[in-house]
Amino acid sequence: MTRTAESLWTAALIAAAALAASCATAPPQPVPPDGAAAGAELTPGGEDLANANAIYSKLNLDPVYYFRHVDVRVDHGVAHLSGYVWSTDAIYRARYIARAVPGITGVVTSQLELERNGRSNGVTR
């Protein structure tokens, strides 16, 4: 490779890296209106997302039950738990944990499935 071709490749690589870095940076965040607290969610449903994350964290910290297969969605303060657990006591515990999060007005667990020993509806997987 000649010296001219090598310098052209180097310049092209530098330009590509600069372009990739400029596209990867996020635009500045808007200033919260009316003196709202810094870090407050500006998007609709931000409180629901924060509550869902809080419930999910508390479920995963439970020392007795395994809730890694439980999904959490919060809609206007109502927590919807789905997925599967291994006992009815785990369903009641998940409901209790979700209700204990501030901002939660109700808990729906009808989408939680009970699976015992890796079996669903009596069929071995």
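## Helix α2 and what covers it

In this predicted model, the cover over the buried residues of helix α2 includes β1, β2 and α3. The residues of α2 that count as buried are G46, D48, N51, A52, I55, L59 and N60, and two of these names, I55 and L59, return below in the account of the nonpolar core.

The length of α2 can be checked against expectation: at 1.5 Å a residue, its 15 residues should span 21 Å, and because the C-alpha atoms at its ends are 21 Å apart, the two values agree.

## The largest nonpolar core

The largest nonpolar core has 19 residues, and those that touch the most other members are I55, L59, F67 and L81. Two or more residues are given to this core by each of α2, β1, β2, α3 and β3, the last of which covers residues 106-114. Helix α3 gives the most, with five residues.

I55, one of the buried residues of α2, shows which partners such a core member can have: when residues up to four places away in sequence are not counted, I55 touches V72, V74, A79, L81, A98, V101 and I104. Among these partners is L81, which is itself listed with I55 among the residues that touch the most other core members.

## The salt bridge between R93 and D62

The structure holds one salt bridge, and R93 forms it with D62, the closest N and O atoms of the pair being 2.9 Å apart. The pair links distant parts of the chain, since R93 belongs to helix α3 while D62 sits in the loop between α2 (46-60) and β1 (70-75), with their positions 31 residues apart in the numbering.

How much of each partner is accessible can be stated separately. R93 has a relative accessibility of 30% and therefore counts as partly exposed, whereas D62, with a relative accessible area of 10%, is buried.

## S87, ahead of helix α3

S87 is found in the loop between β2 (78-85) and α3 (88-99). Its relative accessibility is 19%, so S87 counts as buried, the cut-off for that class being under 20%.

A polar atom of the S87 side chain lies 3.1 Å from the backbone nitrogen of A90. Once the neighbours within four places in sequence are left aside, S87 is in contact with Y65 and L114.

## H76, between β1 and β2

The loop between β1 and β2 is the place of H76. Although H76 is not a glycine, it has a positive phi of about 55°. With a relative accessible area of 69%, H76 is exposed, whereas S87, in the loop between β2 and α3, counts as buried.

## The chain as a whole

The protein chain has three helices and five strands, and from the N terminus on these elements run α-α-β-β-α-β-β-β. Of its 125 residues, 25% count as buried.

Among the contacts in the protein chain with a separation of 6 or more, 56% are accounted for by residues 24 or more positions apart. The accessible surface of the protein chain comes to about 9100 Å², and 58% of that surface belongs to carbon and sulfur atoms.

Notes:
Residues are numbered from 1 along each chain as its sequence is written. This is a predicted model: local features need pLDDT of at least 70, side-chain atom pairs count only at pLDDT 80 or more; totals for chains, interfaces and linings use all residues. Side-chain values use heavy atoms; hydrogens and water are left out. Helices (H or I, at least four residues) and strands (E, at least two) are DSSP runs, numbered from the N terminus. Buried means under 20% relative accessible area, exposed over 50%, partly exposed in between (1.4 Å probe, protein chains only). A polar contact is a pair of N or O atoms within 3.5 Å; within protein, one must be able to donate a hydrogen and the other to accept it, and residues adjacent in sequence count only if both atoms are side-chain atoms. Contact means heavy atoms within 4.5 Å. A salt bridge is a side-chain nitrogen of Lys or Arg within 4 Å of a carboxyl oxygen of Asp or Glu. The expected span of a helix is 1.5 Å times one less than its number of residues. A nonpolar core is a set of buried Ala, Val, Leu, Ile, Met, Phe, Trp, Tyr and Cys residues joined through side-chain atoms within 4.5 Å. Accessible areas come from the Shrake-Rupley method with a 1.4 Å probe; for residues, only the protein chains shown count as cover.
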